[in-house]
Amino acid sequence: MATLEFNGKTFEIDEDGFLLDYNMYNEEWVEYVKGQEGIDEMTEEHWQLVKVLQDYYEKNGIAPMVRVLSKLTKFKLKHIYELFPSGPGKGACKMAGLPKPTGCV
């Protein structure tokens with residue numbers, strides 16, 4: 001377990017930089033991950049993807065598989081990678097404050 005400080009907030013993260021506590025998700029976390037992902041500005045589509053991931057996680061306790069995420073957002077996989085260059089598992093799940101996915105996300 002490691003600690004990350006950003007904009008006056010402290011986050012406990014795992015070895016891959018994912019939040020250890022989903023409840024610690026906040027604006028500062030989004031700003032931090034945005035910088036890590038090289039995202040200049042969060043668009044409506046970024047937020048839609050984050051919200052779908054969070055809703056699915058809150059209902060199921062895991063992140064959705066890529067196919068399910070694509071179906072729920074109606075975004076093609078290529079577009080998800082355009083929004084989050086490191087991918088749905090690493091970038092999008094991290095941005096949403098989810099733990100590191102264990103399966104094929």
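The following exchange goes through some of the terms used for this predicted model and sets each value beside its cut-off.

User: What should I know about this model before I look at single residues?

Analyst: This is a predicted model, in which local features need pLDDT of at least 70 and side-chain atom pairs count only at pLDDT 80 or more, while totals for chains, interfaces and linings use all residues. Residues are numbered from 1 along each chain as its sequence is written, and side-chain values use heavy atoms, with hydrogens and water left out.

User: Why is helix 1 called roughly antiparallel to helix 5?

Analyst: Helix 1 (residues 27-37) and helix 5 (residues 87-95) pack at an angle of about 155°, and their axes are 9 Å apart. Angles under 35 degrees count as roughly parallel, over 145 as roughly antiparallel, 65 to 115 as roughly perpendicular and the rest as oblique, so the angle of about 155° makes helix 1 roughly antiparallel to helix 5. The axes are lines fitted to C-alpha atoms over the stretch in contact, with angles running from 0 to 180 degrees between N-to-C directions, and the helices themselves (H or I, at least four residues) are DSSP runs numbered from the N terminus, as are strands (E, at least two).

User: Which residues make the contact between these two helices?

Analyst: With contact taken as heavy atoms within 4.5 Å, helix 1 contributes Trp 29, Val 30, Val 33, Lys 34 and Glu 37, and helix 5 contributes Gly 91, Lys 94 and Met 95.

User: How do you know that Lys 34 is buried or exposed?

Analyst: Buried means under 20% relative accessible area, exposed over 50%, and partly exposed in between (1.4 Å probe, protein chains only). Lys 34 has a relative accessibility of 13%, and therefore it counts as buried. Leaving aside neighbours within four places in sequence, Lys 34 is in contact with Ile 39, Asp 40, Glu 41, Met 42 and Met 95.

User: What makes Tyr 57 a buried residue?

Analyst: Tyr 57, which lies in helix 2, has a relative accessible area of 18%, so it falls on the buried side of the cut-off. Not counting residues up to four places away in sequence, Tyr 57 touches Tyr 22, Ile 62, Ala 63, Leu 98 and Pro 99.

User: Why are the buried residues of helix 3 said to line one face?

Analyst: The buried residues of helix 3 (residues 66-73) are Val 66, Leu 69, Ser 70 and Thr 73. Seen down the axis of helix 3, they fall within an arc of 100°, so they line one face of the helix; the arc is that of the directions from the helix axis to the C-beta atoms. On the other side of helix 3, Arg 67 and Lys 71 are exposed, whereas the buried residues are covered by elements including helix 2 (44-60), helix 4 (77-83) and helix 5.

User: What is noted about the phi of Lys 74 and of Asn 7?

Analyst: Most residues other than glycine have a negative phi. Lys 74, just after helix 3, takes a positive phi of about 65° although it is not a glycine, and at 73% relative accessibility it counts as exposed. Asn 7 has a positive phi of about 50° although it is not a glycine either, and at 55% relative accessibility it also counts as exposed.

User: How do you know that the strands on either side of Asn 7 pair?

Analyst: Two strands pair if DSSP finds at least two bridges between them, and strand 1 (residues 2-6) and strand 2 (residues 9-13) pair in the antiparallel sense over five bridges. Thr 3 stands opposite Glu 12 in strand 2, and the two strands form a hairpin with two residues between them.
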